[in-house]
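Trainee: I should like to learn how to read the features of a protein model. May we go through one example together?

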Amino acid sequence: MKKSTRYGKILGLMKERGLTQSEVAERAGFNICTLNAKLNGKYDFSIEEVGRICDVLGIPRTEIGNYFFAN
């Protein structure tokens, strides 16, 4: 697993939307430390967590693979 680039598209989308990790964490119901650890590849997102992130960032369900499962 690539630690720093696995979720690069999500981090890029957050930046594009003008959202910090703290704001995304709050809106998606995460602890900021947990979200940061997951975005850094230390832990995997659950399916439910993926859905919450998609809701906050406006990621269509048809695009989940491009953000969460792409290399």
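Trainee: Which residues do ring pairs link into a cluster?

Mentor: Please keep in mind that this is a predicted model. In it, ring pairs join Tyr7, Phe30, Phe45 and Phe68 into a cluster. The count of aromatic pairs comes to four.

Trainee: How is an aromatic pair described?

Mentor: In general, one gives the distance of the ring centres and the angle of the planes. Here, the pair of phenylalanine 30 and phenylalanine 45 has 6.2 Å centre to centre and 85 degrees between the planes. Planes over 60 degrees apart count as edge-to-face, and the pair of phenylalanine 30 and phenylalanine 45 is therefore edge-to-face.

Trainee: Which parts does the pair of phenylalanine 30 and phenylalanine 45 tie together?

Mentor: Phenylalanine 30 belongs to the loop between α2 (21-28) and α3 (32-39), while phenylalanine 45 belongs to the loop between α3 and α4 (47-57), so the pair ties together parts that are 15 residues apart in sequence.

Trainee: Is phenylalanine 30 buried or exposed, and what lies over its face?

Mentor: Buried means under 20% relative accessible area. Phenylalanine 30, at 10% relative accessibility, is buried, and phenylalanine 45, with a relative accessible area of 12%, is buried as well. Over the face of phenylalanine 30 lies arginine 52, at 4.6 Å from the ring centre.

Trainee: Let us turn to helices. How are two packed helices described?

Mentor: The description uses the angle between their axes and the distance between the axes. For α2 and α3, the angle is about 110 degrees and the axes are 9 Å apart. An angle of 65 to 115 degrees counts as roughly perpendicular, and α2 and α3 are therefore roughly perpendicular to each other. Their crossing is right-handed.

Trainee: Which residues make the contact of α2 and α3?

Mentor: From α2 come Gln21, Ser22, Val24 and Ala25, and from α3 come Ile32, Leu35, Asn36 and Leu39.

Trainee: At what angle do α2 and α4 pack?

Mentor: The angle between α2 and α4 is about 115 degrees, with the axes 9 Å apart. The crossing of α2 and α4 is right-handed. On the α2 side the contact is made by Val24, Arg27 and Ala28, and on the α4 side by Arg52, Ile53, Val56 and Leu57. Two residues recur from our earlier steps: Val24 of α2 also takes part in the contact with α3, and arginine 52 is the residue over the face of phenylalanine 30.

Trainee: Where is tyrosine 67 placed, and with which residues is it in contact?

Mentor: Tyrosine 67 is in helix α5 (residues 64-68). Apart from neighbours within four places in sequence, tyrosine 67 is in contact with Arg6, Tyr7, Lys9, Ile10, Leu13 and Ile59. One may also compare sequence with space: tyrosine 67 and isoleucine 53 are 14 residues apart in sequence, and their C-alpha atoms are 10 Å apart.

Trainee: Is isoleucine 64 buried or exposed?

Mentor: Isoleucine 64, which is also found in helix α5, is buried at 18% relative accessibility. Leaving out neighbours within four places in sequence, isoleucine 64 is in contact with Val50, Cys54, Ile59 and Phe69. Ile59 thus appears in the contacts of isoleucine 64 and of tyrosine 67.

Trainee: Where is glycine 58 found, and how far is it from leucine 13 in space?

Mentor: Glycine 58 is found in the loop between α4 and α5, and at 47% relative accessibility it counts as partly exposed. Glycine 58 and leucine 13 are 45 residues apart in sequence and 9.5 Å apart in space, taken C-alpha to C-alpha.

Trainee: Finally, which residues does alanine 70 touch?

Mentor: Alanine 70 is in the segment after α5 and is partly exposed, at 25% relative accessibility. Not counting residues up to four places away in sequence, alanine 70 touches Arg6, Lys9 and Gly65. Of these, Arg6 and Lys9 are also in contact with tyrosine 67.

Terms used:
Residues are numbered from 1 along each chain as its sequence is written. This is a predicted model: local features need pLDDT of at least 70, side-chain atom pairs count only at pLDDT 80 or more; totals for chains, interfaces and linings use all residues. Side-chain values use heavy atoms; hydrogens and water are left out. Rings of Phe, Tyr and Trp (its six-membered ring) pair if their centres lie within 6.5 Å; planes under 30 degrees apart count as stacked, over 60 as edge-to-face and the rest as tilted. Helices (H or I, at least four residues) and strands (E, at least two) are DSSP runs, numbered from the N terminus. Buried means under 20% relative accessible area, exposed over 50%, partly exposed in between (1.4 Å probe, protein chains only). A charge sits over a ring if NZ of Lys or CZ of Arg is within 6 Å of the ring centre and within 35 degrees of the ring normal. Axes are lines fitted to C-alpha atoms, for helices over the stretch in contact, and angles run from 0 to 180 degrees between N-to-C directions. Angles under 35 degrees count as roughly parallel, over 145 as roughly antiparallel, 65 to 115 as roughly perpendicular and the rest as oblique. A crossing is left-handed if the near helix is turned anticlockwise from the far one by less than a right angle, and right-handed if clockwise. Contact means heavy atoms within 4.5 Å.
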